[in-house]
Amino acid sequence: MEKTELIAPCHWGMEAVLKREITDLGYEISRVEDGKVTFFGDARAVADANIFLRTADRILWKLGEIRAETFEELFEGTKAIPWERWIPANGKFWVTKATSVKSRLFSAPDIQSIMKKAMVERMKQHYGISWFPEDGASYPVQVTILKDVATICLDTTGVPLHKRGYRKMTVKAPVSETLAAGILLLTPWRRDRILVDPFCGSGTFPIEAAMIGANMAPGMKRSFMAQTWKELVPASCWRQAFEEARDLVQPEGKMDIQGYDRDPLAIKAALENSRAAGTDRWIHFQQRPVSQLAHSGRYGFLVTNPPYGERLEEKDALPGLYRQLGERFAALDGWSLYLLTAYEDAERYIGRKANKNRKIYNGMLRTYLYQFLGPKPPGKGKEQRR
């Protein structure tokens, strides 16, 4: 596979974190836009990106861009793409997702249907057959039309990257694994520092923190769509990437990571998920309300996603809940608080103004990451990062 462009969609607000991750893998960024980062890569990059990136939603292989103001232009432009370079005669191919923003073409079902017909026509001419069995590997196509320009890609991931494979049990309103990892990567937390989530739910923040601390690649325990594309991404690329992921794990040493929740079912889910992730040796989960939040250590981190009051019956409880969190936070010695919430009075009831806040879309819901920064801990000869 020659060098090409790969697109990594992500949560809006996490583009800078994802850009840094991709750069750290050694790949060149070509473009950063709202909700996605595009970079250059080869077959090995497909494997690396799927296995190692913590904040990407999936990895898309860009096949081309076409201008399409009419369905005829969409058909002809799609037909002009050399699909035979990627899809064999027995491949299963379809347009799995179509989105349109500020464009004349807006009907997703019609876009999908027209593109499928164009792909069939192109491949009929190339392979000299009129019927495709589609009993081979799957090649799902995604298209995004923005201002009448269609970006057409193959989905190399399949099941989204936030599905690491460990979340067997969930509770209501869980934060996704990719968003939790992104928030943690925005903090200066390291494995030698304390981390507590007082509203841990099914354990996503503590589990993702433990995986980061132990250098466990998020995709090392799952499979990906492009593993079946033997001619495009050789098995050797996947084998080498998985071997590297296993070699980089740092299982030695302790971490002080804790997750609390007042709901016993949440704690049960968190324990099950942590065992599935292989992080249970580093995390202590306990049924405990936020009013009992306490820790004797200094310079730790609270990273949490408390209730927003999306349900009407929860709204009345929010002032007291956030006030308790603020009081317990103030009682901790030199700690920092990273709070993801859509609750507009969060700062008021926490009892102080955040040092920073960052707009992040959690699904379609606009939330803010409030950052209440504690003092820097003393270092050896000079201060360390917060």
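The residues that line the largest cavity divide into 4 nonpolar, 2 polar and 2 charged, where Ala, Val, Leu, Ile, Met, Phe, Trp, Tyr, Cys and Pro count as nonpolar, Asp, Glu, Lys and Arg as charged, and the others, Gly among them, as polar. These lining residues are Asn-50, Ile-51, Leu-53, Leu-161, Arg-164, Pro-218, Gly-219 and Arg-222. The structure is a predicted model, in which local features need pLDDT of at least 70 and side-chain atom pairs count only at pLDDT 80 or more, while totals for chains, interfaces and linings use all residues. Residues are numbered from 1 along each chain as its sequence is written, and side-chain values use heavy atoms, with hydrogens and water left out.

**Cavity and pocket**

Rolling a probe the size of a water molecule over the atoms shows where empty space is left. On a 1 Å grid over the protein atoms alone, a cavity is a set of points where a 1.4 Å probe fits but cannot get out, whereas a pocket is an open set with protein on both sides within 12 Å along at least five of seven lines, and lining residues have an atom within 4 Å of a point. Grid points are joined across faces, edges and corners, and a volume is the space filled by probe spheres set on the points. The structure holds 1 cavity of 30 Å³ or more, and the volume of the largest cavity is about 30 Å³.

The largest pocket, for its part, contains about 1,100 Å³ of space. It is lined by 32 residues, of which Pro-9, Cys-10, Trp-12, Gly-35 and Lys-97 are the closest to its centre. Two or more lining residues come from each of the elements β1 (4-9), β5 (92-101), β6 (138-146), β7 (149-155) and β13, and β6 gives the most, with 4 residues. By class, the lining of the largest pocket divides into 13 nonpolar, 10 polar and 9 charged residues. The helices (H or I, at least four residues) and strands (E, at least two) named here are DSSP runs, numbered from the N terminus.

**The sheet and helix α5**

Seen strand by strand, an open sheet of 7 strands follows the order β10-β9-β8-β11-β12-β14-β13, with mixed pairing, and two strands pair if DSSP finds at least two bridges between them. At the edges stand β10 (283-287) and β13 (356-362), each with a single partner strand, so one side of each has no neighbour in the sheet. Neighbouring strands of this sheet are turned by 20° against each other on average, direction ignored. Helix α5 (residues 177-186) packs on the sheet and touches β8 (195-197), β11, β12, β13 and β14 (365-372), and its direction makes about 165° with that of β13. Contact means heavy atoms within 4.5 Å, and axes are lines fitted to C-alpha atoms, for helices over the stretch in contact, with angles that run from 0 to 180 degrees between N-to-C directions.

Of the 10 residues of α5, 8 are buried, so the helix is largely enclosed by the rest of the structure; buried means under 20% relative accessible area, exposed over 50%, and partly exposed in between (1.4 Å probe, protein chains only).

Within the sheet, strands β11 (residues 301-304) and β12 (residues 336-341) run parallel and are joined by 4 bridges, with Leu-302 having Leu-337 as its bridge partner in β12, and Thr-304 standing opposite Leu-339. β12 also pairs with β14 in the antiparallel sense over 5 bridges, and there Thr-341 stands opposite Tyr-368. Of the 6 residues of β12, 6 are buried. In a regular strand the side chains alternate between the two faces of the sheet. Ser-336, Tyr-338 and Leu-340 point one way from β12, and Leu-337, Leu-339 and Thr-341 point the other way.

**Single residues**

Most residues other than glycine have a negative phi, and most peptide bonds are trans. The table gives two residues with a positive phi.

| Residue | Phi | Loop | Relative accessible area |
|---|---|---|---|
| Lys-147 | about 55° | between β6 and β7 | 52%, exposed |
| Asn-215 | near 60° | between α6 (204-213) and α7 (235-248) | 30%, partly exposed |

Leu-265 has its place in helix α8 (residues 264-277) and is exposed, with a relative accessible area of 61%. Its C-alpha atom is separated by 8.6 Å from that of Ser-202, which is 63 residues apart from Leu-265 along the chain.
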